[in-house]
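Colleague: Please take one part of this model and go through it closely, giving the cut-off behind each term as you use it. I would like the pairing first, and then whatever packs or bonds around that part.

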Amino acid sequence: MTPDKYIKQAISLGAANAVKFNIADIAFDPRVVLKCIFGCKDYGKNHTCPYQKSPLTMDEYKQTLLHYNWGIILHCKDKATSQRASFEVERQAFLDGHYFAFSLSDCGLCKECSKIHNRDCNIPERARPAFHSVGIDLFKTVHKFDLPLAVAKTLDDDINWYSAVFIE
């Protein structure tokens, strides 16, 4: 199966761009956890933050993801589109026989994550972790494809949201 089908699907679902990646294009870096712990106002406040009581270590996430050969990176202009589109591409890839298809997308399905009230996830079948939460350097990864990503310095700066679907 070619990645073109999934790229077209991502764009039809609202992605500004979508590109195929090979697993060698993914930049793993354990330093991203430092930005999570010491730079994220939501650290530990949601179910998709794997550093909170995760059964896997960062190295185990890396070793798990290295079993994939390729996938699709989706560039979107908002978090909701990124989450929805990547999950739908994951679902389609699964239905096409890629039964290990798995998306990474900074979860934003609920207005407020149930974890802050010590409740189970409301939508565990759709919630997915973000790139950085499994040890992937998003900046280095997407810049390999000349996709736009810069640190937002003001509230007026363009925001770019990224998700990925690891397919095969």
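Modeller: I start with β1 and strand β2 (residues 70-76), which run antiparallel and are joined by six bridges. Two strands count as paired if DSSP finds at least two bridges between them. Strands are DSSP runs of E with at least two residues, helices are runs of H or I with at least four, and both are numbered from the N terminus. Within this pair, K20 has I72 of β2 as its bridge partner.

The model is a predicted one, so local features need pLDDT of at least 70 and side-chain atom pairs count only at pLDDT 80 or more, while totals for chains, interfaces and linings use all residues. Residues are numbered from 1 along each chain as its sequence is written, and side-chain values use heavy atoms, with hydrogens and water left out.

On its way through the sheet, β2 also pairs with β4, again antiparallel and over six bridges; here C76 stands opposite W161 of β4. β4 is in turn joined to β3 by four bridges, with the two strands running antiparallel, and F102 has F166 of β4 as its bridge partner. The result is an open sheet of four strands in the order β1-β2-β4-β3, with antiparallel pairing. Because β1 (17-22) and β3 (102-105) each have a single partner strand, they stand at the edges, and one side of each is left without a neighbour in the sheet. Neighbouring strands here are turned by 20 degrees against each other on average, direction ignored. The axes are lines fitted to C-alpha atoms, for helices over the stretch in contact, and angles run from 0 to 180 degrees between N-to-C directions.

Strand β4 (residues 161-166) is largely enclosed by the rest of the structure, because five of its six residues are buried. Buried means under 20% relative accessible area, exposed means over 50%, and partly exposed lies in between (1.4 Å probe, protein chains only).

Now for what surrounds the sheet. Helix α1 (residues 4-12) lies across β1 and β2 and runs at about 150 degrees to β1. The loop between β1 and α2 (32-39) holds I23, which is buried at a relative accessible area of 15%. I23 is 48 residues from G71 in sequence, yet their C-alpha atoms are 7.7 Å apart. Neighbours within four places in sequence left aside, I23 touches L65, L66, Y68, N69, W70 and F166; contact here means heavy atoms within 4.5 Å.

Helix α4 contributes S82, which is buried at 1% relative accessibility. With the same neighbours in sequence set aside, S82 is in contact with C76, S105, W161, Y162 and S163. Two of those residues, C76 and W161, are the ones that face each other across β2 and β4.

Helix α4 also takes part in salt bridges, each being a side-chain nitrogen of Lys or Arg within 4 Å of a carboxyl oxygen of Asp or Glu. The structure holds four of them. K79 meets D106 in one, at 3.9 Å from N to O. This pair links distant parts of the chain, with K79 in helix α4 and D106 in the loop between β3 and α5 (138-143), 27 residues apart. D106 is partly exposed at a relative accessible area of 23%, and K79 is partly exposed at 25%. E90 forms another with R128, where the closest N and O atoms are 2.8 Å apart. E90 lies in helix α4 and R128 in the loop between β3 and α5, 38 residues apart, and both residues are buried.

A further salt bridge joins R31 and D29, with the closest N and O atoms 2.5 Å apart. R31 is exposed at 58% relative accessibility, whereas D29 is buried at 13%.

Last comes L95, also in helix α4 (residues 79-95) and exposed at 51% relative accessibility. Together with F94, Y99 and F100, L95 forms a nonpolar surface patch of about 500 Å² accessible area. Such patches are made of residues with over 30% relative accessible area and no salt bridge; like charges are joined within 9 Å and nonpolar side chains (Val, Leu, Ile, Met, Phe, Trp, Tyr) within 5 Å. The areas come from the Shrake-Rupley method with a 1.4 Å probe, and for residues only the protein chains shown count as cover.
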